[in-house]
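Colleague: I should like to go through this structure with you and learn the grounds for the terms used to describe it. May I see it before we begin?

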Amino acid sequence: MILLQVVSKSELKIEEIAEMLISNRFVIDVNVQRNIERAELVNDKLVYGTVCVLSAKTRAVLFDAIDKRLQEMYPDNMPETYALPIMQMDWRQADILTKDVQEVKTVNNRLKRVINKVRGRKA
């Protein structure tokens, strides 16, 4: 599991991305924070502004598909996109939360089945 983060100065762009992520079942849920103050160094000067931040929980294997879709949507003005690993949580809750999220058929799914078998869960 990862926490996907998408940052943009455009609130409309963040809302479009939220709709795309949910409608394509790329994420479990979406949180949007508006008007977040941000300081950046631009041409050696400290510049203050505001951004919108979208956060969403998803499967790590979906990051590349999400990134590709965002590049298609915004080829010339890609929002800042990154993910943070979710290291700890109630894993039974994670299984319930992710039941409606896309599954990507990969070697990782086979590994997950083995891990679940070791943990004593149904694969």
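The conversation below takes up the overall layout, the core, a pair of helices and one loop residue.

Colleague: What kind of model is this?

Modeller: It is a predicted model. The protein has four helices and four strands, and along the sequence these follow the pattern β-α-β-β-α-β-α-α.

Colleague: What do the totals say about burial, surface and contacts?

Modeller: Of the 123 residues in the protein, 30% are buried. The accessible surface comes to about 8400 Å², and carbon and sulfur atoms account for 51% of that surface. Among contacts between residues at least 6 apart in sequence, 70% join residues at least 24 apart.

Colleague: What makes a group of residues a nonpolar core, and which members of the largest one touch the most others?

Modeller: The residues must be buried, be of the listed types such as Leu and Ile, and be joined through side-chain atoms within 4.5 Å. The largest such core has 20 residues, and L21, L54 and I66 touch the most other members. Strand 1 (2-8), helix 1 (11-23), strand 3 (45-58) and helix 2 (63-73) are the elements that give two or more residues to this core. Helix 1 gives the most, with five residues. In soluble globular proteins, nonpolar side chains tend to be buried together.

Colleague: Which residues does L21 contact, leaving aside its neighbours within four places in sequence?

Modeller: L21 is in contact with L4, F26, V27, L54 and I66.

Colleague: Why are helix 1 and helix 2 called oblique to each other?

Modeller: Two packed helices are described by the angle between their axes and the distance between the axes. Helix 1 and helix 2 pack at an angle of about 135°, with their axes 12 Å apart. Angles over 145 degrees count as roughly antiparallel and those from 65 to 115 as roughly perpendicular. The angle of about 135° falls in neither range, and helix 1 and helix 2 are therefore oblique to each other. Their crossing is right-handed.

Colleague: Which residues meet where helix 1 and helix 2 pack?

Modeller: From helix 1, E16, I17, M20 and L21 meet I66, R69, L70 and M73 of helix 2.

Colleague: Where is S10, and why is S10 said to be buried, partly exposed or exposed?

Modeller: S10 lies in the loop between strand 1 and helix 1. Buried means under 20% relative accessible area and exposed means over 50%. S10 has 29% relative accessibility, so S10 counts as partly exposed. S10 and V53 are 43 residues apart in sequence, and their C-alpha atoms are 9.7 Å apart in space.

Technical notes. Residues are numbered from 1 along each chain as its sequence is written. This is a predicted model: local features need pLDDT of at least 70, side-chain atom pairs count only at pLDDT 80 or more; totals for chains, interfaces and linings use all residues. Side-chain values use heavy atoms; hydrogens and water are left out. Buried means under 20% relative accessible area, exposed over 50%, partly exposed in between (1.4 Å probe, protein chains only). Contact means heavy atoms within 4.5 Å. Accessible areas come from the Shrake-Rupley method with a 1.4 Å probe; for residues, only the protein chains shown count as cover. Axes are lines fitted to C-alpha atoms, for helices over the stretch in contact, and angles run from 0 to 180 degrees between N-to-C directions. Angles under 35 degrees count as roughly parallel, over 145 as roughly antiparallel, 65 to 115 as roughly perpendicular and the rest as oblique. A crossing is left-handed if the near helix is turned anticlockwise from the far one by less than a right angle, and right-handed if clockwise.
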